Amino acid sequence: MTRVGAIDCGTNSIRLLVADLDPETGEITDLDRRMVINRLGQGVDRTGRLAPEALERTFAACREYAAVLAEHGVGPDRLRFVATSASRDAENSAEYVAGVKEILGVEPTVVSGDEEARLSFTGATKELTGGQFPSPYLVFDLGGGSTEFVLGGEGVEAARSVDIGCVRLTERHFEGGAGVPTEEQIARAKADVEAALDRAAEVVPLTTAATLVGLAGTVTTVAGIALELPEYDSARIHHARLTVGQVRETARRLLAMDHAERAAIPVMHPGRVDVIGAGALVLLEIMERTGAAELVVSEHDILDGVAWSLVS
């Protein structure tokens, strides 16, 4: 077994995984898996820069994670920090890179959209074996600033990242997510998503997969709501199957709620309250475009792919 640390810093959250990996069997044993909502992408779509308060939230999370890594004996030589959509878009990313390196001893790897997609695919599919989950898989990672689509079986056949995500759409169309979106706002957001799906389909066939696999916090939160869980339960959410009808009804409910009503949902993380409506809309549009009758939800995603990249 090889002990590694992986950090995924996206537009809405920064997550840590400390795990023991067995390259021969493909087994991954979690020692610590945690998340902080840092909203690094705050305002990036509008300003092109990382906000000072967003950087400070991110650096605070890095200091917390540095203590966890030290506790488990993971040094910089066995740690990989991957940075995704928000830092690709920012003019002042050098400030971000320098702060992370000072705290953790490693520079963030600002991955391309295609590499982000490949890491997500590895993390999501490494354990999908046997007839229960037939291949080929269409994996999508629905993030805060972008969504990655990857088609493949034994390996990646096609991949594309497009700039639709729960934070980006909320800032563009839903006035920050405080109130109930209007029909006009929802229509504009849908048109935005449909255009992005057109771009994805230029490279990735969206209707040919045997299994549709959804990743990241929007997908797992929608799953918890659809399953009517009394609290967030990773074991019940991981590999849950949602029908398109369940996703449609959950999206309809979320888009009709105000901020307080969404905050009262038992499985809702406080950092997702304002962006979950837009995220659910993206999820529904993806399912409808693919024609999939059901979705397989995975708790294993780009973070697991980053961990495996350290031993591959």
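**Close-up views of salt bridges and of T211**

**View 1. Salt-bridge network of D8, R15 and D301.** D8, R15 and D301 are linked in a network of salt bridges. The model shown here and in the views below is a predicted one. Across the model, the count of salt bridges comes to 20.

**View 2. Salt bridge between R3 and D20.** The closest N and O atoms of R3 and D20 are 2.9 Å apart, and the two residues form a salt bridge. This pair links distant parts of the chain, with R3 in strand β1 (residues 2-9) and D20 in strand β2 (residues 13-22), 17 residues apart. R3 has a relative accessibility of 29% and counts as partly exposed. D20 has a relative accessible area of 14%; this is under 20%, so D20 is classed as buried.

**View 3. Salt bridge between D274 and R39.** D274 forms a salt bridge with R39, and their closest N and O atoms are 3.2 Å apart. D274 is located in the loop between α11 (259-263) and α12 (276-290), and R39 in the loop between β3 (27-37) and α1 (44-47), so the salt bridge ties together parts that are 235 residues apart in sequence. D274 is buried, at a relative accessible area of 19%. R39 is buried as well, at 16%.

**View 4. Salt bridge between E288 and R248.** The side chains of E288 and R248 form a salt bridge, with an N to O distance of 3.2 Å. Distant parts of the chain are linked by this pair: E288 belongs to helix α12 and R248 to helix α10 (residues 244-255), and the two are 40 residues apart. E288 is partly exposed, at 39% relative accessibility. For R248 the relative accessible area is 39%, and R248 is likewise partly exposed. Both values fall between 20% and 50%, so neither residue is classed as buried or as exposed.

**View 5. Surroundings of T211.** T211 lies in strand β9 (residues 211-215). The relative accessible area of T211 is 6%, which is under 20%, and T211 therefore counts as buried. A polar atom of the T211 side chain lies 2.6 Å from the backbone oxygen of P134. Leaving aside residues up to four places away in sequence, T211 touches F133, P134, P136, Y137, L138 and V296. P134 thus appears both in the polar pair with T211 and among the residues that T211 touches.

Terms used. Residues numbered from 1 in each chain as written. Predicted model: local features only at pLDDT ≥ 70, side-chain atom pairs only at ≥ 80, totals over all residues. Heavy atoms only, no water. Salt bridge = Lys/Arg side-chain N within 4 Å of Asp/Glu carboxyl O. Helix = DSSP H or I, 4+ residues; strand = E, 2+ residues; numbered from the N terminus. Buried < 20%, exposed > 50% of the residue type's maximum accessible area, 1.4 Å probe, protein only. Polar contact = N/O pair within 3.5 Å; in protein donor to acceptor, adjacent residues only side chain to side chain. Contact = heavy atoms within 4.5 Å.
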